[in-house]
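Q: Hi! I have a new structure open and could use some company while I look through it. Can we chat about it?

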Amino acid sequence: MVFILLALFALVLRIVPILGNNFPFMFDGAKDSLVMLEMYLQHKPALVGPTTSISGLFYGPAWYYIALPFNML
């Protein structure tokens with residue numbers, strides 16, 4: 001029961017800003033969205049994926065290609 005109440009509370013906290021058309025992007029999410037927008041509009045392929053919390057270590061470019069259709073929706 002406590003878990004359900006906690007989940008509903010978390011859902012409300014996530015939904016309320018979205019209803020006002022406010023989409024809070026952190027730096028990484030906004031940067032990834034811009035890269036995917038460039039891939040979509042200019043057909044410019046991504047050769048290196050986003051960085052991880054470990055300096056010099058990157059996700060593969062497949063990260064962008066998998067997220068691209070969902071981001072464009």
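Q: Let's start with Leu-19: buried or exposed?
A: Leu-19 is exposed, because its relative accessibility is 67%, and the cut-off for exposed is over 50%. Keep in mind that this is a predicted model.

Q: Okay, and where does Leu-19 lie?
A: Leu-19 lies in helix α1, which covers residues 2-19.

Q: Which nonpolar surface patch is Leu-19 part of?
A: Leu-19 helps make a patch of about 920 Å², together with Met-1, Phe-3, Ile-4, Leu-5, Leu-8, Leu-11 and Ile-15.

Q: Nice. Let me zoom out: how many helices and strands are in the chain?
A: The chain has three helices and zero strands. Reading along the sequence, you get the pattern α-α-α.

Q: What is the radius of gyration of the chain, and what would a compact globule have?
A: The chain has 16 Å, whereas a compact globule of 73 residues would have a radius of gyration near 11 Å. Along the principal axes, the C-alpha trace spans about 45 × 30 × 20 Å.

Q: And what share of the residues counts as buried?
A: Of the 73 residues, 12% count as buried. The accessible surface of the chain is about 6300 Å², and carbon and sulfur atoms make up 74% of that.

Q: What about contacts between residues 24 or more positions apart?
A: Such pairs account for 36% of the contacts in the chain with a separation of 6 or more.

Q: Can you show me one of the buried residues?
A: Sure, try Asp-32 in helix α2. Asp-32 counts as buried because its relative accessible area is 11%, and buried means under 20%.

Q: Which residues does Asp-32 touch, leaving out those up to four places away in sequence?
A: With those left out, Asp-32 touches Pro-50, Trp-63 and Tyr-64.

Q: Switching topic: how many salt bridges are there in the whole structure?
A: A search of the whole structure finds two. One of them joins the side chains of Lys-31 and Asp-32, with 3.7 Å from N to O. Lys-31 is partly exposed at 25% relative accessibility, whereas its partner Asp-32 is buried at 11%.

Q: Which residue forms a salt bridge with Lys-44?
A: That is Glu-38, and the closest N and O atoms of the pair are 3.6 Å apart. Lys-44 is partly exposed at 44% relative accessibility. Glu-38 is partly exposed too, with a relative accessible area of 34%.

Q: Now His-43. What is its phi?
A: The phi of His-43 is near 55°, a positive value in a residue other than glycine. Most residues other than glycine have a negative phi, so a positive value is worth a second look.

Q: Where is His-43 found?
A: His-43 is in the loop between α2 (27-42) and α3 (62-72). At 67% relative accessibility, His-43 counts as exposed.

Q: One last stop: where is Thr-52 found?
A: Thr-52 is also in the loop between α2 and α3. Leaving out residues up to four places away in sequence, Thr-52 touches Leu-57, Phe-58 and Tyr-59.

Q: And what separates the C-alpha atoms of Thr-52 and Asp-28?
A: Those C-alpha atoms are separated by 9.8 Å, while the two residues are 24 residues apart along the chain.

Key: Residues numbered from 1 in each chain as written. Predicted model: local features only at pLDDT ≥ 70, side-chain atom pairs only at ≥ 80, totals over all residues. Heavy atoms only, no water. Helix = DSSP H or I, 4+ residues; strand = E, 2+ residues; numbered from the N terminus. Buried < 20%, exposed > 50% of the residue type's maximum accessible area, 1.4 Å probe, protein only. Rg over C-alpha atoms; globule rule 2.2 N^0.38 Å. Contact = heavy atoms within 4.5 Å. Areas by Shrake-Rupley, 256 points an atom, 1.4 Å probe, with all protein chains shown as cover. Patch = residues over 30% accessible without salt bridge, like charges linked within 9 Å, V, L, I, M, F, W, Y side chains within 5 Å. Salt bridge = Lys/Arg side-chain N within 4 Å of Asp/Glu carboxyl O.
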